[in-house]
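User: Hey, I'm new to this one and would like a quick tour. Can I just fire questions at you as they come up?

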Amino acid sequence: MHTPGYQDVDDFQAIATIVHELAPDIEVFIANNNIPSSLTRRRAGQRPTLIFSPGNLLTFRPVRGKVYAGSPVPKIEQIKRFQAAGLPVPATAEITRNLELPEEKFGSLVVVKPGFSESSRGHFITLMRRESVRFQP
């Protein structure tokens, strides 16, 4: 499932090419997650089917098969998962009422990102002086 505006369809086409080269008996369909794709849905439903979507299924509803679909993960949870996996991440803290940001850990400037999904697209991100960061309900 390709969701326009969130993924590049060329990436899906490249994956389809690789799948076809490795297993020519597998037919790959790239469906638009924003439309029902009734023809694709019916054709794919005639065969054993696996649906993969990096995000939630939106309008497309498969006839049958196993569905692997992503779901939104709050930013703070993403950071915790990266840390648990041993990946390097910048100093991170959730802004709470009693938040203290030590300068030795955070430096003089911090990037403030909201926890909702649009922040991953570059919206509502602010560079602030560390001492100016305050909780706002």
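User: Let's start with the strands. In β4, what is the bridge partner of V110?
Analyst: That's M128. Keep in mind throughout that this is a predicted model.

User: OK, and how many bridges join β3 to β4?
Analyst: There are 4 bridges between β3 and β4, and the two strands run antiparallel. Strand β4 covers residues 126-129, while β3 covers residues 109-112.

User: Which side chains of β3 are buried?
Analyst: V110 and V112 are, and they point to one face. L109 and V111 point to the other face and are not buried.

User: Why the back and forth between faces?
Analyst: Because in a regular strand the side chains alternate between the two faces of the sheet.

User: Where else does that alternation show up?
Analyst: Have a look at β1, residues 50-53. I51 and S53 sit on one face, buried, whereas L50 and F52 face the other way and are not buried.

User: And in what sense do β1 and β2 pair?
Analyst: They're parallel, with 4 bridges between β1 and β2, the latter being residues 66-69. Within that pairing, I51 stands opposite V67 of β2.

User: Switching to rings: how many aromatic pairs does the structure hold?
Analyst: The count is 0. There is a charge over a ring, though: K66 lies over the face of Y68, 5.4 Å from the ring centre.

User: Now charges more broadly. How many salt bridges are there in the whole structure?
Analyst: A search of the whole structure turns up 5 salt bridges. One of them joins the side chains of E77 and R81, at 3.2 Å from N to O.

User: Where do E77 and R81 lie?
Analyst: Both are in helix α3, residues 75-84, and they're 4 residues apart, about one turn of the helix.

User: Are those two buried or exposed?
Analyst: In between, really. E77 has 30% relative accessibility, so it counts as partly exposed. R81 is at 48%, so R81 counts as partly exposed too.

User: What does E103 form a salt bridge with?
Analyst: With R130, and the closest N and O atoms are 3.5 Å apart. This pair links distant parts of the chain: E103 is in helix α4 (residues 103-106) and R130 is in the segment after β4, 27 residues apart.

User: Is R130 buried or exposed?
Analyst: R130 counts as buried because its relative accessible area is 17%, and the cut-off for buried is under 20%. E103, at 46% relative accessibility, counts as partly exposed.

User: What other salt bridge does R130 make?
Analyst: Its side chain also meets that of E131, at 4.0 Å from N to O. E131 is partly exposed, with a relative accessible area of 43%. Elsewhere, salt bridges that share partners join E27, R43 and R47 into one network.

User: Changing topic: what's up with the phi of S37?
Analyst: It's near 50°, a positive value in a residue other than glycine. S37 lies in the loop between α1 (9-22) and α2 (38-44). At 13% relative accessibility, S37 counts as buried.

User: What about H2, where does that lie?
Analyst: H2 is in the segment before α1. With 10% relative accessibility, H2 counts as buried. A polar atom of the H2 side chain lies 2.9 Å from the backbone oxygen of Q7.

User: And K75, which helix is that in?
Analyst: K75 is in helix α3. Its relative accessible area is 18%, so K75 is buried.

User: How many residues separate K75 and R129 along the chain?
Analyst: They're 54 residues apart along the chain, and their C-alpha atoms are separated by 21 Å.

User: Last thing: where is the confidence lowest and where is it highest?
Analyst: The lowest is in α2, with a mean of 84, and the highest is in α1, at 96. The protein averages a pLDDT of 89, and 96% of the residues score at least 70.

Terms used
Residues are numbered from 1 along each chain as its sequence is written. This is a predicted model: local features need pLDDT of at least 70, side-chain atom pairs count only at pLDDT 80 or more; totals for chains, interfaces and linings use all residues. Side-chain values use heavy atoms; hydrogens and water are left out. Buried means under 20% relative accessible area, exposed over 50%, partly exposed in between (1.4 Å probe, protein chains only). Two strands pair if DSSP finds at least two bridges between them. Rings of Phe, Tyr and Trp (its six-membered ring) pair if their centres lie within 6.5 Å; planes under 30 degrees apart count as stacked, over 60 as edge-to-face and the rest as tilted. A charge sits over a ring if NZ of Lys or CZ of Arg is within 6 Å of the ring centre and within 35 degrees of the ring normal. pLDDT is the predictor's confidence in each residue, from 0 to 100. A polar contact is a pair of N or O atoms within 3.5 Å; within protein, one must be able to donate a hydrogen and the other to accept it, and residues adjacent in sequence count only if both atoms are side-chain atoms.
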